[in-house]
Structure formats: structure tokens, C-alpha cells
Amino acid sequence: MMIKSSLLGGCAAAALLLAPGMASAQTAQAALEARIAQLEAELNALKSEVVAARTQQAAQQQDIIRLETRPSAAPAPAPAPPAPSDGFRIGDHTVKFGGFIKVDASASNYSGGDPVNGDALREFHIPGSIPVGGADEDTATDFNARQTRFWLTTDGVVSGHKVGTRLEMDFQTLPGAGDQRTTSPANPALRRAFVTIDNWLIGQEWTNFQNTAVLPESADFIGAAEGTVFARQVQVRYTRGPLSLSLENPETTVTPFGGGARIIADDNSLPDATARYAISRPWGDLQFAGLLRQLKYQNPATGIDSSATGWGLSASTKIKVGSKDDLRLMVTGGEGVGRYVGLNFSNDAVLDASGDLEAVGVVAGFAAYRHVWAPGWRSSLIWSAQNVDNDTAITGLAVNRSAQSVHANLIWSPIAAFDVGAELMFADRELESGASGDMTRLILFAKYGF
């Protein structure tokens, strides 16, 4: 179209130049030749533009072909997981460290004689260790920081599985481990050490027969010791929703025929089996637990080779009272479960005259009411008890029959994670013979968690 218009325009100009009365023919001839030269130049420029356009179009087609035929690009790497709000990351795991420092000062009076220096009763309440039959002495004062605790946890996802670990230790070691003359040393002691993989737990943890969520807040190491299910041991546990099942380390404690020093048999062939079911409602929490176990004792020297069956049931709850207070309850009963309740206040079984094991019955429980007075101020009132069903014809009269304690405390948190408080405790222990002893203790403590 452009060429045609230019040619027409050129012809018209030539016609005007040749018209009569215009310039000479030579002048018209020169003008016509100049116009033709201009048209040829425009035509050549147009040809160049067409060639360039075709070259560009071919290049674009080659680019499209290369894009369609080249291999797919590798997927972009997954974004790095967000930094944890606390702790730090090592590979696929978030690592956290924490614990608390706790210092206790206690003043104790024992009606049946003071425990020896280094006895664990001087540091926390052990119902079966309250002295019986001795002379009353002056108040004994003790200071210690051995309940101090630290823990290390990891949490992450490995090959699509949720994996976690926990290592926890304190310094509440065996009696006699410390020396108060110079430095009051204490050795770290293993509390918990386990790994979790999805629904499985493998390692040392609180027994599945226990509900730690209802333990009362106390200045004492345990508090409601007589009525509490309390044991940490190696186990394999499976949890699905509210139900958890476990196989746990077995151990049988035995009273000799007629009484005497406790026998720790260590002869079990089968693990202890537990089941627990948890219910959570707006008003609080409720748990039921069951325990089935083998009791066994062998002594080739005396020809004893006996076993029996032990069983136990436990129910516990924490009920909300108003917006801040709560009521905590636990009741446990069974036969052959003595080492699980009240820090082994009663043995699991007793040997009869024939060398056969008989399971010992136990009923225990506690009730605790926690009241919040004001922000940072709270108190717990705790009652705890245990009764043992001994057959005195084979146990004798020197075995434990009952124990109970009452606690009242006041705890203040002036800043976050820092608690100071005081607790007054009265506890007693009675034997089948009727002999008894009691302990009155005032505990002052300071604790900072980190």
C-alpha cells in the first residue's frame, strides 16, 4: 500500500512537470529521475524491515521450541522451618533446656526419735520412715537444695514422623549421699529419659498407672505421699486419644513370714501391664487407671519358688471450683500394688508358712483444695491417707498398718516463675502392734524456674 501510494504520487508530480506552460523538459526529466531514486530507496528500506521482522519471528519460534523440550526444573527447596520462640534448632529438631532451682529449710519434730543424718526423711516426707518407738527429741533443722532440677528436650519431624525426647535429672539421691560438714555435695540422679515416636513412648517415665496432673501443689517433694500413686520406671507405652497402654518394669517387694526386713525379689518374668483412660470436660478432668502384674520370689537356698497375681484400680480427678480454685482427688485400691502407692509404704506380698506368696491389700487416697487469694497468692489444704490389709498371722505385728498426713501452705509468686512459701505438715504412722510415731514439720522454700 505504501509503495503504490508513493508511485501514484510520483506519477502525478511528473504529469505536472510535463504540463504546457511549465519548466523545460530537461528540468522535468531531472525531477522525475530524483523522485524515482527516492522511491527505490524507500522500497529497499521496506524490504529490510520485512527481513528483520521475519528473522525476529523465527528466533521467537526457536525459543518456544527450546522451552517446550527442555527438562523440568528441579522443585524449589522447602522453606526453612520458622525459628522457635524459645530454644534453638539442631537439624530437624528444636532443642530446649529448662528446670528450676529450689532451696528448702525445714524444722521437724519427731515423736519417735530423730532419723539419722542423711536419711531422706529429713528432706521430704516418706510415710514408712517416720520413727516409731524412740524418744522425743528437740526440733531438728535442715537446709538443702537437692530438689533442684534440670531437663533437656528435643522435638521435630523425621521422615514424616513426629519425634521427641526428654532427659530430666535432679539431685534427690539416695540417703547418705551428701555431707553437711563442708560442702553439702549431691550427685545428679536420673528422673526421666525417654523418646516418643508418634503415639509411642519408650524409656523411663512416670508409670502409666499414675496421674501426675492431680498432684497437689506442696512445699514438700511429693506432698500427699500416703495416698499417691508414685513411680518412675522404664516402659513401652502406646497412646491413642484418651487411651494409653503400657508394659513396665516389674519388681516385687516381699515381707518375710512373721515379719522382718523387706525383701526386694527381683525375680519377675513378666512385665507389669497398665491401662489408663482420660476424660476432659469443661468442669475439669477425670482419669481411670488399671494395673495387672505378676508377683514372684525365688530363693534356691530355701527352696522358695512362688508367684501370685497383683492388681490395682485408681481413679483421680481435678474439678474446677469457680474461676480459679480447684479440688483434686485420688483413690487407689488393690492387692499386690504396695510399691506403687505411698512410696512403698506396704510391701506387695508376704510369704506364708509354706513359702507361698500372698498379695497384700491396700486402700489409699488424698483430697486437696487449692484456693487463689489474689494474683500471685494461693494456698492448698491437703489430706492424705493409706490403710493396709495385713494378715497379721503371717506378717507379724511389726508391719505398717496405716499412715496419714495433713498439710496447709501459703505460696506467693512475686515475679513470674519465682515462688516463695511456707507449709505446715503433720503426719503419723501406725504399726499393726499399735505402736505409732508422728512428725510435725514446717517448711520454708524458694523456687525459681527457668
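**Reading the model term by term**

Author: Strand 2 provides three residues, the largest share of the lining of the largest cavity.

Reader: What is the model, and how are residues counted?

Author: This is a predicted model: local features need pLDDT of at least 70 and side-chain atom pairs pLDDT 80 or more, while totals for chains, interfaces and linings use all residues. Each chain is numbered from 1 as its sequence is written, and side-chain values rest on heavy atoms, without hydrogens or water.

Reader: What makes something a strand here?

Author: A strand is a DSSP run of E, at least two residues, numbered from the N terminus. Strand 2 covers 93–110, and strand 11 covers 263–264.

Reader: Why is that space called a cavity, and how many are there?

Author: On a 1 Å grid over the protein atoms alone, a cavity is a set of points where a 1.4 Å probe fits but cannot get out; lining residues have an atom within 4 Å of a point. The search of the whole structure turns up two cavities of 30 Å³ or more. The largest holds about 60 Å³, volume being the space filled by probe spheres set on points joined across faces, edges and corners. Its lining has 13 residues, and Asp104, Ser106, Glu123, Asn144 and Ile443 lie nearest the centre. Strand 2, strand 3 and strand 22 each supply at least two lining residues.

Reader: What makes the second largest pocket a pocket?

Author: A pocket is an open set of points with protein on both sides within 12 Å along at least five of seven lines. The second largest has a volume of about 780 Å³. Its lining counts 31 residues, with Phe100, Arg149, Arg191, Leu215 and Lys447 nearest the centre. Among the elements giving two or more residues to this lining are strand 2, strand 8 and strand 22.

Reader: Back to Glu123 from the cavity lining. Why is Glu123 called buried?

Author: Buried means under 20% relative accessible area, exposed over 50%, and partly exposed in between (1.4 Å probe, protein chains only). Glu123 comes out at 17%, so Glu123 counts as buried. Glu123 sits in the loop between strand 2 and strand 3.

Reader: How do you know that Glu123 has a polar contact, and what else does Glu123 touch?

Author: A polar contact needs a pair of N or O atoms within 3.5 Å, and within protein one must be able to donate a hydrogen and the other to accept it; sequence neighbours count only if both atoms are side-chain atoms. The side chains of Glu123 and Gln172 meet at 2.8 Å, so the pair qualifies. Touching means heavy atoms within 4.5 Å. Leaving out residues up to four places away in sequence, Glu123 touches Asn144, Arg146, Gln147, Gln172 and Arg441.

Reader: And Asp266 and Leu343: what class does each fall into?

Author: Asp266 has 57%, so Asp266 is exposed; Leu343 has 24%, so Leu343 is partly exposed. Asp266 belongs to the loop between strand 11 and strand 12, and Leu343 to the loop between strand 15 and strand 16. Asp266 has a positive phi of about 55 degrees although it is not a glycine. Leu343, also a residue other than glycine, has a positive phi near 55 degrees.

Reader: What makes a group of residues a nonpolar core?

Author: The members are buried Ala, Val, Leu, Ile, Met, Phe, Trp, Tyr and Cys residues joined through side-chain atoms within 4.5 Å. The largest such core has 18 residues; Leu121, Phe124, Ile126, Phe221, Ile222, Phe230 and Met439 touch the most other members. Strand 21 and strand 22 each supply at least two of its residues, and strand 22 gives the most, three. Apart from this core lies another of 15 residues, including Phe209 and Val337.

Reader: How do you know that strand 8 and strand 9 pair?

Author: Two strands pair if DSSP finds at least two bridges between them. Strand 8 and strand 9 have six, antiparallel, so they pair. Tyr238 stands opposite Leu245. The two strands form a hairpin with two residues between them, and Gly241 in the turn has a positive phi of about 60 degrees. Strand 9 also pairs with strand 12, antiparallel over six bridges, with Leu245 opposite Ala275.

Reader: Why are strand 11 and strand 17 called edge strands?

Author: Four strands form an open sheet of mixed pairing, in the order 11-10-16-17. Strand 11 and strand 17 each have a single partner strand, so one side of each has no neighbour in the sheet. Strand 10 and strand 11 run antiparallel, joined by two bridges, and Thr253 stands opposite Ile264.
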